Amino acid sequence: MCFFRLAAVATFVLLRFNTATAQTALPTIKSLFAEKNFTKIVAVTTENKSNGFLNDTLLYYRAFALCELGETKRALKLVQRLLKTSPRFAEVYFLKGIISSTQENFAEAVASFQKSFKLDSTHLKSLYNLATAKGMLGDYKGAIKDLTDYLKCDSLNPDAFYSRGYWLEMQEDFEVALGDYNKTLTLKPEMVEAYFSKAYVYYKMNKKEIFTESSPNHKHLKEADIQVMVKKYELRGKSGIGMVLIAEAMNRNVEEGSYWGTLIDMPSKKVIYTKRVIGKAGRFGFRNDWAGNVKSDFKTMKKEFMKWD
């Protein structure tokens with residue numbers, strides 16, 4: 001599961017402009033943050049009091065940038081300093097939770113996200129990440145409850161439905177999990193993980209209609225079938241040439257998956273070119289089988305693309 005990292009700096013409360021230097025630097029730092037140029041943020045800020053950058057706002061940006069760059073120990077030191085000067089600043093506890101999660105210290109992450117949400121009940125990313133941290137600790141019921149509360153405030157977030165579906169799946173509540181995965185795909189049809197998860201849930205529910213022991217069915221689609229599928233796509237307003245990988249089947253006996261790499265003229269929905277591509281499975285678990293297939297197929301297509309005619 002993933003944590004929301006780039007958080008509520010859009011709702012950032014500016015604190016303690018102690019120096020003219022800090023006030024001058026802040027617009028530049030905010031611009032760099034919007035560009036996700038974290039390396040530059042670290043380069044133009046400092047932890048040295050003498051040059052005037054040491055105030056809560058700039059330190060927070062620096063700590064967040066260090067975290068994004070994977071320097072969690074340095075980031076945590078700044079967070080601990082900020083907690084002394086701004087103990088009621090929700091964003092700092094949120095960042096501490098992100099760092100703890102990155103370090104896989106999920107118990108500490110839960111405590112930090114809870115504190116952040118207690119200080120600011122509108123800080124929904126704290127609530128979302130709290131659910132994820134609880135789930136990672138095996139508290140699936142707690143994770144599901146927090147995500148349900150989150151969805152009451154943000155009912156159009158596909159990631160929240162996907163996450164709740166995942167924890168429902170882990171709790172083996174497959175029917176309800178399937179409903180959340182379907183909702184995820186309604187809101188975000190390009191979310192590949194949800195298709196894998198939905199297939200896995202069908203597998204666990206022993207849905208016979210999507211499984212067969214007949215190997216010939218591994219390659220059952222024809223080029224004409226691909227055109228029919230593409231005609232059903234919602235491509236209104238799209239222009240140019242699109243590419244899609246259409247899953248055909250996965251054969252566990254030979255550990256490979258069959259897909260159709262397809263180029264589409266999006267305005268007309270005409271299939272320009274389509275070809276079956278075979279990829280090797282990931283071997284470790286149902287989801288990784290499919291993910292391994294996709295990765296293998298993309299490598300094959302990259303090698304063969306210029307030969308397609």
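## Working through a helical model

Set aside the neighbours within four places in sequence, and Asp180 is in contact (heavy atoms within 4.5 Å) with Phe161, Arg164, Gly165 and Leu168. This is a predicted model, where local features need pLDDT of at least 70, side-chain atom pairs count only at pLDDT 80 or more, and totals for chains, interfaces and linings use all residues. Residues are numbered from 1 along each chain as its sequence is written, and side-chain values use heavy atoms, with hydrogens and water left out.

### Exercise 1: Asp180 and the chain around it

Work out where Asp180 lies, and whether Asp180 is buried or exposed.

Solution. Start with the element: Asp180 sits in helix α10. Helices (H or I, at least four residues) and strands (E, at least two) are DSSP runs, numbered from the N terminus. Next, take the relative accessible area of Asp180, which is 5%. Buried means under 20% relative accessible area, exposed over 50%, and partly exposed in between (1.4 Å probe, protein chains only). So Asp180 is buried. For the wider picture, the protein chain has 13 helices and 3 strands, and buried residues make up 45% of its 309 residues.

### Exercise 2: α10 against α11

Find how the axes of α10 and α11 are arranged, and which residues make the contact.

Solution. Two packed helices are described by the angle between their axes and the distance between the axes. Axes are lines fitted to C-alpha atoms, for helices over the stretch in contact, and angles run from 0 to 180 degrees between N-to-C directions. For α10 (residues 174-187) and α11, the axes come within 10 Å and cross at roughly 155 degrees. That makes the two helices α10 and α11 roughly antiparallel (the cut-off is over 145 degrees). On the α10 side, the contact uses Phe174, Leu178, Tyr181, Asn182, Thr184 and Leu185; on the α11 side, Ala194, Tyr195, Ser197, Lys198, Val201, Tyr202 and Lys204. Sort the residues of this contact by class and you get 8 nonpolar, 3 polar and 2 charged. Here Ala, Val, Leu, Ile, Met, Phe, Trp, Tyr, Cys and Pro count as nonpolar, Asp, Glu, Lys and Arg as charged, and the others, Gly among them, as polar.

### Exercise 3: the length of α11

Check whether the end-to-end span of α11 agrees or disagrees with the expected one.

Solution. The rule is 1.5 Å times one less than the number of residues. Helix α11 (residues 192-204) has 13 residues, so it should span 18 Å. Its end C-alpha atoms are 19 Å apart, which agrees. While you're there, note that Ala194, Phe196, Ser197, Ala199 and Val201 of α11 are buried.

### Exercise 4: α3 against α4

Repeat the packing analysis for α3 and α4.

Solution. Helix α3 (residues 56-68) and helix α4 (residues 72-85) pack at about 155 degrees, with axes 8 Å apart. Therefore α3 and α4 are roughly antiparallel to each other. Split by class, their contact has 9 nonpolar, 2 polar and 4 charged residues.

### Exercise 5: positive phi in loops

Place Glu104 and Lys269, and say how exposed each one is.

Solution. Most residues other than glycine have a negative phi, and most peptide bonds are trans. Glu104 has a positive phi near 60 degrees; this residue is in the loop between α5 (90-102) and α6 (106-119). At 62% relative accessibility, Glu104 counts as exposed. Lys269 also has a positive phi, near 60 degrees, and belongs to the loop between β2 (256-265) and β3 (270-280). With a relative accessible area of 22%, Lys269 is partly exposed.

Definitions and conventions. Parallel < 35°, antiparallel > 145°, perpendicular 65-115°, else oblique.
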